[in-house]
Amino acid sequence: MEALTEEQTHFLTRINVTASAFSFGGSFFIVLCYLCFKELRKFSFKLVFYLSLSYSRDPREGFLCYVQGYSTQFFSVASFLWTTTIAFTLYRTVVKHKADVEEFGPAFHAYVWGTAFLMTIIPSIGDDYGPAGAWCWVRTETTAGKVLRFMTFYVPLWGAILFNGAVYFQVIRMLKYATRMAVSMADRQRQVEARPEMKAMNRWGYYPLILIASWTFGTINRIHDFVEPQNKLFWLYCLHISTASLMGLFNSIAYGLNAAVRRTLQERLDQWWPDKYRLWRPAFRDIEDAEELVPLEQKEGP
C-alpha cells in the first residue's frame, strides 16, 4: 500500500473522534471531582487535575485545523511533563522524606508550560502545522517536518517515560526496603504505615505504563513512516490513533478512581440519595480506610 485511501482516512478520523470522546469524558470526570469536592484538592490531586486539564484532541478543518495542531502539540507535551512532576513529588516525599513539595508548585508551572510552549513554537518556524491524516498536527511531507515531530514530541514523550520509570523504581525499592526492615525488627507500626504508601505507589505507578501503552504504537508507526514513507500500514495507524486518543480515559481510571475519590462519591450519594430509593443506590465497593494519597503528606524526616 503506497498511501492511505480517503475511505481509510475517514475511518481513522471516526476512531479518533470516538476515542477522544471517551477520553474527554474521563478527563472531565477528574476535573469535575477536583472542582466540586474540596477534600480532594490536595497538592497530589492538583497535579492530576493539571494533567487532565492538559488533555486536548479535537479534530477540526480549515483554520481551526491549525488551531488544533498547535493545541494538540502544546497540551500533549504538557501532559507528559506533568507526569514527571508527579514522579518528582513522590520521590521527594517517599525517598527524601521531605514535606516541602507544595513549594515547588510555581516551578512546576514554569517548567511544564514553558517547555510545552517552546516545543510548540519550534515547528511553527517552518510553517509545519496543518492537516496530518486523521487529525491536525505537525505535517510530515518533508524530512524536516518528520525530524521536528520526533524532536519536539517523541523525545519529550520517551524522556518522560524513562524519567518516570527510573524514579518509580527507586521509590518502590525504597518502600520495599523499609517494609523488610520493619518486618525484621517486628515494627508493626511501620508495617501499617507502609501499606498505604505501597498502595499509593501501585496506583500512581500505572502512569508510566499508560504512557507506554498509549504511545508505543504511535512511536513504531512514526519510525516506520520515516523509514518507509511510501508504505503506510493501515492496521498500525488504527492501533496508533486508538491508543493515543484513549490516554485521557486511561488517566481517569488510574488516577480518578482511587479510594479517596470513591469514598467521597459514596459520602455524597449517602447524603443526596432519597431514602425511599435506597435499595437502588449505587455503591462504590472496595472503599478502604487507608488514604491512597498519604505519601504526599508525610512529616519532615530527620
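# A friendly walk through a predicted helical chain

Let's start with Val155, which counts as partly exposed at 47% relative accessibility. Buried means under 20% relative accessible area, exposed over 50%, and partly exposed in between, judged with a 1.4 Å probe and protein chains only. Val155 lies in helix α5.

Before going on, note that this is a predicted model: local features need pLDDT of at least 70, side-chain atom pairs count only at pLDDT 80 or more, and totals for chains, interfaces and linings use all residues. Residues are numbered from 1 along each chain as its sequence is written, and side-chain values use heavy atoms, leaving out hydrogens and water.

## The overall picture

The chain has ten helices and two strands. Helices (H or I, at least four residues) and strands (E, at least two) are DSSP runs, numbered from the N terminus. Following the sequence, you meet them in the order α-α-α-α-β-β-α-α-α-α-α-α.

How much of the chain is buried? Of its 302 residues, 46% are buried. The accessible surface comes to about 15600 Å², and 65% of that belongs to carbon and sulfur atoms. Such areas come from the Shrake-Rupley method with a 1.4 Å probe, and for residues only the protein chains shown count as cover.

Contacts (heavy atoms within 4.5 Å) tell us about the fold too. Among those with a separation of 6 or more, 74% are between residues 24 or more positions apart.

An unreviewed UniProt entry carries the annotation "transmembrane region" for residues 15-37, 153-171, 204-222 and 234-257. UniProt positions are given in the numbering used here, feature names are shortened, and annotations may be inferred rather than shown by experiment. In the model, residues 15-37 are 96% helix and 0% strand, with end C-alpha atoms 33 Å apart. Residues 153-171 are 100% helix and 0% strand, and there the end C-alpha atoms are 27 Å apart.

## Aromatic rings

The whole structure holds 15 aromatic pairs. Rings of Phe, Tyr and Trp (its six-membered ring) pair if their centres lie within 6.5 Å; planes under 30 degrees apart count as stacked, over 60 as edge-to-face and the rest as tilted.

Take Trp82 and Trp113: their ring centres are 5.8 Å apart and their planes meet at 75°, so this pair is edge-to-face. Because Trp82 sits in helix α3 (residues 63-95) and Trp113 in helix α4 (residues 105-125), the pair ties together parts 31 residues apart in sequence. Trp82 is buried at 0% relative accessibility, while Trp113 is partly exposed at 25%.

Tyr154 and Trp215 make another edge-to-face pair, with centres 6.3 Å apart and planes at 85°. This pair links distant parts of the chain, with Tyr154 in helix α5 (residues 143-184) and Trp215 in helix α7 (residues 206-227), 61 residues apart. Tyr154 is buried with a relative accessible area of 3%, and Trp215 is buried at 2%. Both belong to one aromatic cluster, formed by Phe80, Phe150, Phe153, Tyr154, Trp215 and Phe226.

## A surface patch and a buried glutamine

Where does Val155 come back into the story? Val155 is part of a nonpolar surface patch with Val147, Met151, Ile223, Phe226 and Val227, together showing about 540 Å² of accessible area. Patches are made of residues with over 30% relative accessible area and no salt bridge: like charges are joined within 9 Å, nonpolar side chains (Val, Leu, Ile, Met, Phe, Trp, Tyr) within 5 Å. Helices α5 and α7 each supply at least two residues of the patch.

Gln73, by contrast, is buried at 0% relative accessible area, and its place is in helix α3. Leaving aside neighbours within four places in sequence, Gln73 has contacts that include Met119, Tyr129, Trp137 and Phe153.

## Salt bridges

How many salt bridges does the whole structure contain? A search finds three. A salt bridge is a side-chain nitrogen of Lys or Arg within 4 Å of a carboxyl oxygen of Asp or Glu.

| Acidic partner | Basic partner | N to O distance |
|---|---|---|
| Asp100 | Arg92 | 2.8 Å |
| Asp225 | Arg222 | 3.9 Å |
| Asp225 | Lys232 | 3.9 Å |

Through shared partners, salt bridges join Arg222, Asp225 and Lys232 into one network. Asp225 and Arg222 are three residues apart in helix α7, so about one helical turn separates them. Asp225 is buried at 6% relative accessible area, and Lys232 is buried at 19%. Asp100 is buried as well, at 17%.
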